[in-house]
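Here are my notes on this model, set out as numbered points. Please read them with the structure open beside you.

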Amino acid sequence: MTAAAWHPVAASHELRAGENIVASFLQGAELALWRTPEGAPQAWDNRCPHRSVRFTLGQVVGDRLSCAYHGWQFQAGSGACAGIPAHPHLSPPRHVCVKTWRVAEAAGMIWVNPVADSTDAAPVDAVPAGWHFCRTLTINVPLASLPGALQALGWQTQGPVWGHAGLQARALPLDAQAGMGMLHVWTAAAPASAEMAALHAALRQLRASAEEMA
Ligand code: FES
């Protein structure tokens, strides 16, 4: 697993099966995230291939997304056009297809892999089983500055993911935007526990140290 190829784009609980569409971003691309009624996550470009209207304005209809403007429907999985309400007897044109992204669900997050020919498996081993997503910390320093700050505060690198045994935490540093780092954090600590409070305090200290060191 190379977690760096997989980017967390939303918390799992934000996507309700067969119901809502969630906007997200990845490397400058605007995403529309949703689930089929069976719960399979989908990550699509947030633009309808017909006239570029945002899918996040549309709705989930069974295992399709329906665009808000002319109601064209697109199929989960392939992103292929599957129906044009104004022309119910017309076979949908094959070339009209949404750009879809490789998507996986692990450790309480929806992950997207932007590398088209990547052979990396889904990021299921980035976080130990039973751990849960804690928070995303944005830090006002470039991504390259984060390893130094993590190391100075007792975090150890485990590939692209960093761990802190004392805090029962794992952290994945990623670019948020130019000059700004982002740290996705998972933990074994129970919500509202003393361990969780200690972790939040340590993360605040980490942000202060990183910004001071930069
Ligand atoms: S813009 Fe989406 S169906 Fe026309």
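1. The model is predicted, and I begin with the outer side of helix α2, where the face turned away from the buried side carries the exposed residues A194, A197, A201, R204, Q205, A208 and E212.

2. On the other side of the account, L199, L203, L206 and A210 of α2 are buried. Viewed down the axis of α2, its buried residues fall within an arc of 60 degrees, so they line one face of the helix. As background, an α-helix has 3.6 residues a turn, so residues three or four places apart point the same way.

3. As to its length, α2 runs over residues 194–213, which makes 20 residues, and the distance from its first C-alpha to its last is 28 Å, close to the 28 Å expected at 1.5 Å a residue.

4. Two backbone angles deserve a careful look, given that most residues other than glycine have a negative phi. A192, although not a glycine, has a positive phi of about 65 degrees, and this residue is placed in the loop between β15 (180–187) and α2. Is A192 buried or exposed? With 7 C-beta neighbours inside 10 Å, A192 counts as exposed, because the cut-off for that class is 12 or fewer.

5. The other angle belongs to Q168, likewise not a glycine, whose phi is positive at about 50 degrees. Q168 is found in the loop between β13 (161–164) and β14 (169–177), and, with 17 other C-beta atoms within 10 Å, Q168 is partly exposed.

Notes: Residues numbered from 1 in each chain as written. Predicted model: local features only at pLDDT ≥ 70, side-chain atom pairs only at ≥ 80, totals over all residues. Helix = DSSP H or I, 4+ residues; strand = E, 2+ residues; numbered from the N terminus. Expected span 1.5 Å × (residues − 1). Buried ≥ 20, exposed ≤ 12 C-beta atoms within 10 Å, placed from the backbone. Arc of directions from axis to C-beta.
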